[in-house]
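Biologist: Hi! Could you walk me through this one? I'm new to reading structures.

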Amino acid sequence: MSSLRSKIKGKQVEILMEENACFYDLTYYLNGCTNQNPDADEDERQITPTLNLLNISYNVSEFLGPWWKGACFRQKKQKRVLNDINIQFRSGELTAILGSSGSGKTSLLDIIASRSNGQVGGKVYYNNYLCTAEVIKQYAAYVMQADRLLHNLTVRETIRYAALLRLPGKMGSKEIDEKVDKAIAEMGLKHVADSRVGGSVVRGISGGERRRVTIAIQLLQDPKILLLDEPTTGLDSCTTRHLVSSLSDIAHNGKIVILTIHQPRSDVFKMFDKIGLLSMGEMVYFGKSGQMVEYFQDLGYPCPTYASPFDHYVDLASIDRRNHEREIETMSKVQKLVQAFSNSSINDENIHNIEEETMRHSTRRTMLFFFKPQPPSLMRVLYCLIGRMLVNLKRDRTIYMSRLIMLSLFVPFVCAFLGHIKTDQKSIQDRIGLMYQSVGVPTYVGILIAVGVFPPLRDLYFRECRDGLYSTTSFLLSYAIHVIPFQAISAMIFSIIVYWVTGLHPSWSRFAIYYATIFVLHFIGEIMTVGVMGVFFNPQIANSTSALILSASVLIATGFLRSFPSMLDIFQWGSWLSVMKYSAEILVANEFSGLNFTCPPVQNIPCQYPTGEQYLADYYPDAVEHMRRNFWALGGFMVSFLFFTIVAFKIRGIPNMH
Amino acid sequence: MSSPTEVISNVEEPQEKAPTQTADTLETNRRLQIDLSVDKLCYTVNPKNLNFFQKLSTLQMPWEVTECSGPQKVLDNVTFTAKSGQLLAIMGSSGSGKTSLLDVLAGRITVGEILGDVYLNGVQQNNSMIRSFSAYVKQDDRLLPHLTIKETLMFVAELKLPTTFTSKKIEDRVDSVIAELGLRHVSNSKVGNAESRGVSGGERRRVSIGIQLLLDPSIIFLDEPTSGLDAFTAHHLVETLANMSRNNRTVIMSIHQPRSDIFELFDRVMIMTKGNVVYNGEAAKMVDYFTNLGYPCPHLTNPGDYYIDLVTLDPSSEETEKSSRQTMANLLQNYTQKRSVVSEQEISVHTEEEVPMMDMLNMINKFSQSPGYFRQFSVLFRRCTRNILEDYLNLSAQFIQAFAMSFVVGLVYYKLAYGQSNIRDWFGLMYILAALYPYMVILDVIAQYHNERNYLYCELEDHLYAIGPYYFAKIFSELPLHTFYVIVYVIPAYFLAGLTNDVSVFFQVFGLLYLMIYCSRSLAMLSSAILPNFQLSCFFAQTFFSMFIMSAGFFINLDNIFSGLQWVSNISYLKWGFQGLVYAEIPKLTFECSVNATVPCIENGDQAIVLYALDGGSVLESVLAILGSIFAYLLLYFICLRFIPQKPHQM
């Protein structure tokens, strides 16, 4: 015992003795880690790990009526999604949960993974230990229905980056590479390891291979339980068969593999070890796949010779909602089936097994340990996130170029009509117009780029944050860091062309001020949109919202379209909150101070402003003196936009994406 | 032969009896029984031969198209016969050529080379002849979401049925189709779409089929009618199709994953792989056929799934790929040998029971009396108006948008003063008014028109109406609401900002904004017709808008605009609008001069206009210039509609 204990100390195992935590069986853990044969131990035979669901029920409350009535005025309706489910999943078995849509399949997986949002009744045991969310994360991996992968990474890169984020911090890069190679080999991805993942635009690997990549990522941590939500949806028959046979191999190597499926084909029937059939949240059948046809035959529902038993029994257990009579008829049939199953010997045996399993272990005195691996360090997470974003960006020529050049594409609009700027009285109008473009265009381009580039990264973040890989802050921070160099370059190209084509105030320091302002606005435009996209998930709405904020603040805060003093007070106060006010003041002061205007004797117009100072005194008093303050304000806005973006993401939370 | 009164009584009767009698409502009294035979049909596509707009509409760069160059054989030597009164299912995995075969038969192919003959009742026919006897139901439902089922069918019936039909007869026909498809209980529900709730997916599919049944065709093609439907609905739909075929119709449908309960409903089955037929015959004999060849169907397996998989290439490993290729070749060879004996007989048999040509010609004549342009226009006008007015959500969104924009602008420029520093504000106000709504309207209109491409393209392909009536119906049906929104847009801003309190000034401002916003609409209509997808159209329209706004005279003084680009300013409707607004409002203003001012003073609006280099115009001139732009855009829009295929693309 003492030698064991020293081993454990060396491995920095945290010892938790709380009642409700799901404890790790020490002997099991050590066996698994050292790949030694288990000591032929005392009176206990070798235990196959099991996952037991006892009396699981699940309720969600949903609001009735239109959303604008608000949460307080709408009626709440309790809806029972799952009712009294008893299942034992055993290691080494591939279990399929069947049912028509709305039967509660996905909710069942959510409950096992502790990701459900409603009220869960009943208990989930791993072996005989009651599981909590914190701990199930260590054992179980959840493969969601949609693949969220970055299109431009290769398969190996995708898995490697995922490994860097997932595997314990102590693991060296050589060890990680080994793990990655193993995962690639296990999922049969060797032949495409260096091909790009691809997506709707870029051609890449096939849909089935993409699904395999998602599974391979979840296998990296060597989970004991693998949950898959509709893994075969959208795949053709060959790919489906191939995928299910891979999953079957994984299961037979000593894992609990559970998948949901709603329209299975007959050819995968034989690959499942156990089958659960759900209807309206109740169990219609759970047992060996081979016994299913026999069971229903005994109940008086034989399966025709040339029909897939899956199709046949899923149909048998679903509700026909086409009209009221059919609905009542099928509903009562399903009730009968549920009743029959709960009285059947198969179900009794199930419950007996579960009880035996959960009772047996608790009598044994074993030291229980909860092993919590060291997560990767913050530096590694940031390094990895930034690296992944950069690789993804570099590969996509369109996005890469648009990050660098898109801002400059607006230069012709700004410059072509204007040409070299003059110094007569009318050129004051041109200069103000140019400043208007200089604050509007970089911000707007920032919005456009963020709308185009950010959504796939965000969706991946949602997925990975759910898996608990990194925090919102590190994700947004690395996004902000990775865009800075590109924005610095594109703002530089833009500034150089605009400045020298139009011939603004020629001096290095003034150019530097102009450039800095353009850069800050470009950056803020992008970060603001990122924040908006954390609130509105639809990119179109995010785009319009950001554009609206931009236009409103240009209108009231710059003074280009409306001068401050005679505006309504509320708008004057509001303008202090906008970055546009400070940047406009900087740009105007930078351009107009020290400028002389000619007064050609034309017509009967008086020459209003012979010097730039006079113009500033009329429209932007004290702008030159406030230059330093305004720059501090710009810096403050950069930081606070980032801060509010993080806050927005935290408050909005992660949607339950399947 | 049945009189109209009998037809009415049909409608009241239970649905099962209806089909047998309602079929007789058309002029010809008796639907022709037509057997369709196809002999050695080949179809080849060469991607190199696409023209410019076809390439553009695949959304690929010119250099990317060449990647898949080389002619591809989509259909290879397809021979089969579909008999009247039978339901024929074409099965095969994706890419096996099912849809292409239906496209070819229904005459929807514009590119590629088609060889082979098609016989109707043993007589060789050309494409237009087949089209007059057949109807094609495409895979996706393209319906106007805000009409009820009955309205949808009524409008199509008015466009499709011959002019000899009275409105009473048209309604009877629609009722009988509704009854035949079992839609009576939902006939007054809205169709709906993804955003707004309506009838269920299966019912929507039935409406699409109903539209094609209005003319009572003898042959019906359906492309994947069951995809996206749940098991019960799919079964029920195929049952309906089987019933339709019993009623002396030839029904041909494609399906890629038939469930066993659906498979039992088929009379005949054809299995395709890579453009070749590997089985064609009675559904019940399919298992025997393959069993004889040494491929029995395992116990508890759906034969449809099993045999489709059998003829699909399994690329999961080299071994399986090789063996599945071998199986395919083997089956193909067996089938070709068998067919060469059978097919000759099949076609020759039918030449004997040839239908008199007179009957055929009668049928053709029936179609020549389709409604004229004016009736098409009036039906489309009513349909467009109805669809706009029923879309409450969009109506209120548009209303709120127009009002909110105007209200905010009005508040920002609330009671605009007349000081020296407000001179720029006055011009700014005119600029904002001239640019804001015209800009907003562009994106809305492009999104709307790209949505409408969904059904426009299909209905034009169906020859439901001509492009001219659609064009005018569209333009005229939108005018009343346009007027309403402009009123909503003008009034709050006008009075909040305190523009000149004068009727003639108000109407000048209103008229100018009305025309400018309409001009934006027509620019947006043009760009949505000229380019294949939403993003490209937006880019196109926004580029023009940006150019026009830069040269409008507010940001850059008109005197200082680069001389080589002065012409842009002259064709910019925004410049003319801005100038017109300035002329309507600003000359009447006098500006205050403070006594101790350090800078010289601009006393009145006329001086300010000279400073902005906008002098020398008039409101009338602006109005004429904008009208010119509107006509130019609308004309171009018509030309684009006429010559560019409006094929929809997913956004």
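Modeller: Happy to. Chain A and chain B bury about 5600 Å² between them, and 55% of that is on carbon and sulfur atoms. Keep in mind that this is a predicted model.

Biologist: How many residues does each chain bring to the contact?

Modeller: Chain A brings 58 residues and chain B brings 63 residues. On the side of chain A, Tyr306(A), Phe417(A) and Gln429(A) supply 14% of the area it buries against chain B, which is more than any other three residues.

Biologist: And how many salt bridges are there between chain A and chain B?

Modeller: Five salt bridges are counted between chain A and chain B. In one of them, the side chain of Arg259(B) meets that of Asp311(A), at 3.7 Å from N to O. There are also 15 residue pairs in polar contact across the interface of chain A and chain B, both partners being at pLDDT 80 or more.

Biologist: Which elements of chain A give two or more residues to the side that touches chain B?

Modeller: They are α9 (237-252), α11 (309-316), α16 (411-415), α17 (427-466), α20 (539-557) and α23 (612-619) of chain A. The largest share comes from α17(A), with eight residues. By class, the side of chain A that touches chain B has 28 nonpolar, 17 polar and 13 charged residues.

Biologist: Back to Arg259(B) for a second. What network is Arg259(B) linked in?

Modeller: Arg259(B) is linked with Asp311(A), Asp315(A) and Asp261(B) in a network of salt bridges.

Biologist: Nice. Can you show me another pair that crosses between chains?

Modeller: Sure. Asp309(B) forms a salt bridge with Arg241(A), and their closest N and O atoms are 3.9 Å apart. That pair runs from helix α13 (residues 303-310) of chain B, where Asp309(B) sits, to helix α9 of chain A, which holds Arg241(A).

Biologist: Is Asp309(B) buried or exposed?

Modeller: Asp309(B) counts as buried, because its relative accessibility is 12% and buried means under 20%. Arg241(A), at 25% relative accessibility, counts as partly exposed.

Biologist: OK, new topic. How many salt bridges are there over all chains?

Modeller: A search of the whole structure finds 42 salt bridges over all chains. One example is Asp177(A) with Arg160(A), where the closest N and O atoms are 2.3 Å apart. Asp177(A) lies in helix α7 (residues 173-186) of chain A and Arg160(A) in helix α6 (residues 155-166) of chain A, so this pair ties together parts that are 17 residues apart in sequence. Asp177(A) is partly exposed at 33% relative accessibility, and Arg160(A) is partly exposed at 27%.

Biologist: Got one inside chain B too?

Modeller: Yes, Asp175(B) forms a salt bridge with Lys150(B), with the closest N and O atoms 3.4 Å apart. The pair links distant parts of the chain, 25 residues apart: Asp175(B) is in helix α8 (residues 167-180) of chain B and Lys150(B) is in helix α7 (residues 149-160) of chain B. Asp175(B) is buried, with a relative accessible area of 18%.

Biologist: Now the greasy part. Which residues have the most contacts inside the largest nonpolar core?

Modeller: Those are Phe266(B) and Phe427(B), in a core of 395 residues. The element that gives the most to this core is α17(A), with 19 residues. As background, nonpolar side chains in soluble globular proteins tend to be buried together.

Biologist: What does Phe266(B) touch?

Modeller: Leaving out residues up to four places away in sequence, Phe266(B) touches Leu87(B), Ala89(B), Val238(B), Met253(B), Ile255(B), Pro258(B) and Ala283(B). The C-alpha atom of Phe266(B) is separated by 9.2 Å from that of Glu239(B), 27 residues away along the chain. Glu239(B) lies in helix α10 (residues 231-246) of chain B and is partly exposed, with a relative accessible area of 32%.

Biologist: Last one: where might I look for a positive phi that isn't on a glycine?

Modeller: Try Lys40(B), with a positive phi of about 50°, and Ala613(B), with one of about 55°. Lys40(B) lies in strand β1 (residues 36-45) of chain B and is partly exposed, with a relative accessible area of 45%. Ala613(B) lies in the loop between α24 (605-611) and α25 (619-643) of chain B, and Ala613(B) is buried, with a relative accessible area of 11%.

How values were computed: Residues are numbered from 1 along each chain as its sequence is written. Chains are lettered from A and ligands numbered from 1 in the order in which they are written. This is a predicted model: local features need pLDDT of at least 70, side-chain atom pairs count only at pLDDT 80 or more; totals for chains, interfaces and linings use all residues. Side-chain values use heavy atoms; hydrogens and water are left out. Contact means heavy atoms within 4.5 Å. Buried area is the accessible area (1.4 Å probe) that two parts lose on being put together, summed over both. A salt bridge is a side-chain nitrogen of Lys or Arg within 4 Å of a carboxyl oxygen of Asp or Glu. A polar contact is a pair of N or O atoms within 3.5 Å; within protein, one must be able to donate a hydrogen and the other to accept it, and residues adjacent in sequence count only if both atoms are side-chain atoms. Helices (H or I, at least four residues) and strands (E, at least two) are DSSP runs, numbered from the N terminus. Ala, Val, Leu, Ile, Met, Phe, Trp, Tyr, Cys and Pro count as nonpolar, Asp, Glu, Lys and Arg as charged, and the others, Gly among them, as polar. Buried means under 20% relative accessible area, exposed over 50%, partly exposed in between (1.4 Å probe, protein chains only). A nonpolar core is a set of buried Ala, Val, Leu, Ile, Met, Phe, Trp, Tyr and Cys residues joined through side-chain atoms within 4.5 Å.
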